[in-house]
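Me: Could you take a close look at one part of this for me, namely the packing? I'd like it as one connected story, with the cut-offs spelled out.

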Amino acid sequence: MDDLNPKSQEEILSQEATADTPLETVPKAADETVQYKDKYVRLLAEFDNMRKRHERERIDLIKYAHEEVIVECLKLYDDLERSLAAFKSKEGTDVNLVKGLEMVYNNMKEMMGRYEVKPIETKGKPFDHNTQEVLMQQETSEFPDGVVMEELEKGYTLGGRVVRTAKVKVAKNIN
């Protein structure tokens, strides 16, 4: 209740006499100001970093939200590619059937391109455990040791991230 009552001039003067002199409070106030400014700058930087991190996470979420569907579509894409190759190599195949399969394959290839789905290049390159899975090894003198001889199943990336590793046969040198 004392705070609500106005203070007399004598009370104010007595408080001022006991308080630090104004010259002594200036360095303290300056130190406090520097500390508060430092805290403010740090909080502002932390907030900005958090905002940027959330934005990256949001973009990644949008970019990779369809990953499961793409992986399932890759099976169909591979089957379609094999079917097209088989029909093209077989004599007496209906030309319209081949053209229809080519149209569907090209549409699917275009869709994969829009979603940044790219095949992993493997044949003739050194084995990379990050993008490839060894299913077989074959002794040979045709290829250097550890080089992919044959691709048994294509691998793919989605926006630079591996969504399916390539299944490969790797060369093993004969000693």
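Reply: Start with how far apart in sequence the touching residues are: among the contacts in the protein chain with a separation of 6 or more, 62% link residues 24 or more positions apart (contact meaning heavy atoms within 4.5 Å). Keep in mind that this is a predicted model, where local features need pLDDT of at least 70, side-chain atom pairs count only at pLDDT 80 or more, and totals for chains, interfaces and linings use all residues. Residues are numbered from 1 along each chain as its sequence is written, and side-chain values use heavy atoms, with hydrogens and water left out.

The protein chain has four helices and six strands (DSSP runs numbered from the N terminus, H or I over at least four residues for helices, E over at least two for strands). Reading from the N terminus, the order is α-α-α-α-β-β-β-β-β-β. Of its 175 residues, 21% are buried, where buried is under 20% relative accessible area, exposed is over 50%, and partly exposed is in between (1.4 Å probe, protein chains only). The chain exposes about 13,700 Å², with 55% of that coming from carbon and sulfur atoms.

On the helical side, look at H3 (residues 67–89) and H4 (residues 95–114): they pack at about 150°, axes 10 Å apart. The axes are lines fitted to C-alpha atoms over the stretch in contact, and the angle, on a scale from 0 to 180 degrees, is between N-to-C directions. From H3 come residues including Leu74, Tyr77, Leu80, Leu84 and Phe87, and they meet an H4 set that includes Leu97, Leu101, Val104, Tyr105 and Met108. The residues of this contact split into 14 nonpolar, no polar and four charged.

H3 also turns up when you look at Arg164, a residue of strand S5 (residues 161–164). Beyond four places in sequence, Arg164 touches Leu74 and Asp78, among others, plus Ile120 and a run from Glu153 to Tyr156. Is Arg164 buried or exposed? Arg164 counts as buried because its relative accessible area is 11%. Its side chain reaches the backbone oxygen of Lys154 at 2.9 Å, which fits the polar contact cut-off: N or O atoms within 3.5 Å.

Ala166, in strand S6 (residues 166–173), shares some of that company. Ala166 touches Glu153, Lys154 and Gly155, as well as Thr122, Thr131, Gln132, Glu133 and Glu151, again leaving out residues up to four places away. Glu133 sits 33 residues from Ala166 along the chain, yet their C-alpha atoms are separated by 5.9 Å. With a relative accessible area of 0%, Ala166 is therefore buried.

Over in strand S2 (residues 132–140) you'll find Thr140. At 8% relative accessible area, Thr140 is buried too. Neighbours within four places aside, Thr140 contacts Met149 and the stretch Ala171, Lys172, Asn173 and Ile174. A polar atom of the Thr140 side chain lies 3.0 Å from the backbone nitrogen of Glu142.

One loop residue is worth a click as well: Glu116, between H4 and strand S1 (117–119). Its phi is near 60°, a positive value in a residue other than glycine. Glu116 is partly exposed, because its relative accessibility is 39%.

Technical notes:
Areas by Shrake-Rupley, 256 points an atom, 1.4 Å probe, with all protein chains shown as cover. Nonpolar A, V, L, I, M, F, W, Y, C, P; charged D, E, K, R; others polar. Polar contact = N/O pair within 3.5 Å; in protein donor to acceptor, adjacent residues only side chain to side chain.
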